[in-house]
Amino acid sequence: MVLRLFDTLKERTQAFSPPPDAPVRIYVCGPTVYAPSHVGHARNYLLFDGLRRFLESSGHRVRLVENITDFEEKISRRARELGLPWRVLARREERDFLHLMDRIRVRPSEHQPRSSDFVPEMVRLIRWLERRQMAYRRGGSVYLRARAVDGGENFPAAELLSDHSVPDAAGSDLPEADDPLDFALWKPPEPGGPVWSSPWGRGVPGWHIECFVMAQRYLRTPVDLHGGGLDLIFPHHYAENLLSYAVTGRVFSRRFVHGGFVTMGEVKMSKSLGNLVPLSQALEELSPEGLRWYLWTAAPYREKLEYDPRRAQQAQRRFEEVRQRITPLGRAGDGDVPARSLERLLGKVRARIGSELDFGGALEGLTEGAEELAGTGRPGIRRGEAPRARRALLGLSELTGIPWLGPTRAAGKGRASRGS
Ligand SMILES: [Zn+2]
């Protein structure tokens, strides 16, 4: 298997070698569940679904953990607006998220821990850091003293970004911190939000320590791959990485993979900006496969993707054309297409994905391959080669998340959405 990957920590592309005789351990930062999922979420989780499928298709076991951030300022605020307890809102949006991920065939992670289930472990860790003078109290908050953490490397952008950071309760820069690179490990509670007691009074853990604790619990750091959207590099992944150095003396992850945003015009699609296309709405117009095709071909994964419903429809049609050429090859036939040409096509698609996760190139290669096969003598697979052709198409389905043996899912409401 060859996988070349851009690593955001080192800011360069390198070959990734899976650990010998052990599963590849991947930690992906999951959603903050306070509002319905949008197309930007779909793009992010399809990226890691594609990475995981590539590794599994290449014969590696994968242990993927993706958390659910179920308490946070935004959840408390929206729960107050809706007059709901925070937990009711968080569970409802979590169900909605998981249902939509299932609909677009994002494989579920091995564990989906909820942040609120790990607070006692977070409190123990903060006390441990405090005893070692790596954390300090200010008012009702506790901060990690970034410059007290020994050695290690960090995102080149971290220092730069900290100069331009804006106040963010989830982030690094509450007013009492001694240094803009320090970040909150414990904070006073939000009105209407959850609250736990601690040696520092009643409050809530900071966001960054949650992921670190859950990654330690299920995978142990350094994990092999760690990912999320570009906006997580700072402060979130910077902070997790610093915590990992503080506690274990080692980096949080061997590789960091970050995906680009989906924008509307020039602006990032985001729940807080209100300029989003809800995923359920996109799935009224596109099939899950058409959406995957669009999000994978419209822009390389690290670049921003400007959502364009017209181009999405074109991608949907393109997918349908390819499907009409490929799917019949899984049936018994009396044509001229040899099964080994499908096996070659599978190898070609896999190789393109292995080259810096070039999903767009992979699907273009598949389109070209399907056109070539359609022009090969009599249509259909060679007599007696259908089982071998089906195996190749099954492999292609597992690799791409698109069921090439059919049937596919239609656009429209699908199953009734649970929750909201
Ligand atoms: Zn995280």
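A residue counts as buried here if 20 or more other C-beta atoms, placed from the backbone, lie within 10 Å of its own, as exposed if 12 or fewer do, and as partly exposed in between. By that yardstick, buried residues make up 46% of the 420 residues in the protein. Keep in mind that this is a predicted model: local features need pLDDT of at least 70, side-chain atom pairs count only at pLDDT 80 or more, and totals for chains, interfaces and linings use all residues. Numbering runs from 1 along each chain as its sequence is written.

**Overall build**
- The protein has 13 helices and 13 strands, taken as DSSP runs (helices H or I, at least four residues; strands E, at least two) and numbered from the N terminus.
- Its C-alpha atoms fill a box of roughly 80 × 45 × 35 Å along the principal axes.

**The β1–β2 hairpin**
- Strands β1 (residues 4-7) and β2 (residues 12-15) pair in the antiparallel sense over four bridges; pairing takes at least two DSSP bridges.
- Four residues sit between β1 and β2, and Glu11 in the turn has a positive phi of about 55°.
- Leu5 stands opposite Gln14 in β2.

**Where α9 meets α12**
- The axes of α9 (residues 288-297) and α12 (residues 359-374) come within 7 Å and cross at roughly 120°; the axes are lines fitted to C-alpha atoms over the stretch in contact, with angles from 0 to 180 degrees between N-to-C directions.
- On the α9 side, Trp293, Trp296 and Thr297 meet Phe359, Gly360, Leu363 and Glu364 in α12, a contact meaning C-beta atoms, placed from the backbone, within 7 Å.

Terms used: Contact = placed C-beta atoms within 7 Å.
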